[in-house]
Amino acid sequence: MAVVQTAYANGSSTDYLRDTLKVTVQCSKTGVKYLQQMAQKFDIGVYFEANGHGTVVFSKSAEDQIHQLAEDPSANDEAKRAARMLQSSVNVINQTIGDAISDMLLIEAILAIKGMTIQQWHAIYTDLPNRQIKVKVADRRVIDTTDAERRAVSPAGLQEAIDSLVKRHKKARSFVRPSGTEDVVRIYAEAETQESADALAH
């Protein structure tokens with residue numbers, strides 16, 4: 001199982017998934033098609049963009065194993081119950097394009113099973129303060145990126161300048177990437193305080 005995010009995912013969410021839940025976290029380029037391709041490499045892949053797009057995908061092998069366990073007369077009650085809950089999840093989730101209503105229903109079911117309120121769920125972790133801005137440019141293709149758009153490879157010296165600025169702030173990270181749709185460069189920054197995130201972005 002893995003969770004696939006983009007560079008825009010808040011660092012606190014990544015830390016929570018990786019360090020607390022011990023889930024594999026992968027980062028892909030921005031765009032649902034890239035997230036979906038990466039998520040499909042796992043038996044269960046959860047993917048989402050910070051703008052809300054996303055869903056859960058199950059491999060055929062995972063679906064078959066879940067179904068077999070749910071129907072296995074020799075399986076213990078706890079294993080069967082878990083398999084049936086996963087089976088219900090497969091049935092609720094729209095694996096093709098994602099669906100906000102089905103996602104919401106699944107979250108409601110999970111919270112009910114875990115005995116959690118929306119407020120408790122919201123308090124699981126706190127987002128790091130962040131700032132996103134866009135800068136109009138003559139030619140966005142001047143900037144090229146790598147590492148799922150988290151690092152700039154051109155123009156020369158840009159990534160080094162970003163790294164130098166990031167070092168001035170606690171819990172900070174920042175990246176720049178060309179827009180895929182308009183002649184702008186998008187800048188994302190996050191840090192321990194909003195003041196630091198704003199300073200880093202500007």
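**Exercise 1. Domain records and overall build**

At which residues does UniProt place the feature "domain: Alpha-D-phosphohexomutase C-terminal"? Describe the span, set beside it the other recorded domain, and then characterise the chain as a whole.

*Solution.* The model is a predicted one, and the domain names come from a record.
- Step 1: UniProt, in an unreviewed entry, gives residues 133-202 for the feature "domain: Alpha-D-phosphohexomutase C-terminal". Over residues 133-202 the chain is 24% helix and 34% strand, with end C-alpha atoms 8 Å apart.
- Step 2: The feature "domain: Phosphoacetylglucosamine mutase AMG1", likewise from an unreviewed UniProt entry, is placed at residues 1-115. For residues 1-115 the composition is 53% helix and 16% strand, and the end C-alpha atoms lie 24 Å apart.
- Step 3: The protein chain has 8 helices and 9 strands, and its C-alpha atoms fill a box of roughly 65 × 30 × 25 Å along the principal axes.
- Step 4: Of the 202 residues in the protein chain, 37% are buried; among contacts between residues at least 6 apart in sequence, 51% join residues at least 24 apart.

**Exercise 2. The packing of two helices**

Determine how helices H4 and H5 are oriented to each other, and which residues make their contact.

*Solution.*
- Step 1: Two packed helices are described by the angle and the distance between their axes. For H4 (residues 77-92) and H5 (residues 100-114), the axes come within 9 Å and cross at roughly 160°.
- Step 2: Angles over 145 degrees count as roughly antiparallel, and H4 and H5 are therefore roughly antiparallel to each other.
- Step 3: On the H4 side the contact is made by Arg81, Met85, Ser89 and Val92, and on the H5 side by Ser102, Leu106 and Ile113. By class, this contact has 4 nonpolar, 2 polar and 1 charged residues.
- Step 4: An α-helix has 3.6 residues a turn, so residues three or four places apart point the same way.

**Exercise 3. Helix H1 and its surroundings**

Identify the buried residues of helix H1 and the strands against which they pack, then examine both ends of the helix and the strand residue Gln5.

*Solution.*
- Step 1: In H1 (residues 11-20), the buried residues are Gly11, Ser12, Ser13, Thr14, Tyr16 and Leu17. They pack against strands S1 (2-5), S2 (24-27), S8 (173-178) and S9 (184-190).
- Step 2: At the start of H1, a side-chain oxygen of Asn10 comes to within 3.0 Å of the backbone nitrogen of Ser12, while just after H1 Lys22 takes a positive phi of about 60°.
- Step 3: Gln5 belongs to strand S1, and it counts as buried because its relative accessibility is 3%. Leaving aside residues up to four places away in sequence, Gln5 touches, among others, Ser13, Thr14 and Leu17, as well as Val25, Gln26 and Cys27.

**Exercise 4. Two residues compared by setting**

Are Tyr188 and Asp77 buried or exposed, and how far does each lie from a partner distant along the chain?

*Solution.*
- Step 1: Tyr188 is in strand S9 and, at 3% relative accessibility, counts as buried.
- Step 2: Tyr188 and Tyr8 are 180 residues apart along the chain, yet their C-alpha atoms are separated by 7.3 Å. Tyr8 is also one of the residues that Tyr188 touches, and others include Ala7, Asn10 and Phe175.
- Step 3: The side chain of Tyr188 makes a polar contact with the side chain of Glu190, at 2.6 Å.
- Step 4: Asp77 lies in helix H4 and is exposed, with a relative accessible area of 66%. Its C-alpha atom is separated by 54 Å from that of Arg168, 91 residues apart along the chain.

**Exercise 5. Backbone geometry in the loops**

Locate the cis peptide bond and the positive phi values of Ala148 and Lys171.

*Solution.*
- Step 1: Most residues other than glycine have a negative phi, and most peptide bonds are trans.
- Step 2: The peptide bond from Ser154 to Pro155 is cis, with omega near 0°; Pro155 sits in the loop between strand S7 (151-154) and helix H7 (158-166).
- Step 3: Ala148, although not a glycine, has a positive phi of about 55°. Ala148 is in the loop between strand S6 (144-146) and S7, and at 15% relative accessibility it counts as buried.
- Step 4: Lys171 has a positive phi near 50° and is found in the loop between H7 and S8. With a relative accessible area of 58%, Lys171 is exposed.

Methods. Residues numbered from 1 in each chain as written. Predicted model: local features only at pLDDT ≥ 70, side-chain atom pairs only at ≥ 80, totals over all residues. Heavy atoms only, no water. Axes fitted to C-alpha atoms, helices over the stretch in contact; angles between N-to-C directions. Helix = DSSP H or I, 4+ residues; strand = E, 2+ residues; numbered from the N terminus. Parallel < 35°, antiparallel > 145°, perpendicular 65-115°, else oblique. Contact = heavy atoms within 4.5 Å. Nonpolar A, V, L, I, M, F, W, Y, C, P; charged D, E, K, R; others polar. Buried < 20%, exposed > 50% of the residue type's maximum accessible area, 1.4 Å probe, protein only. Polar contact = N/O pair within 3.5 Å; in protein donor to acceptor, adjacent residues only side chain to side chain. UniProt positions renumbered as here; feature names shortened; annotations may be inferred.
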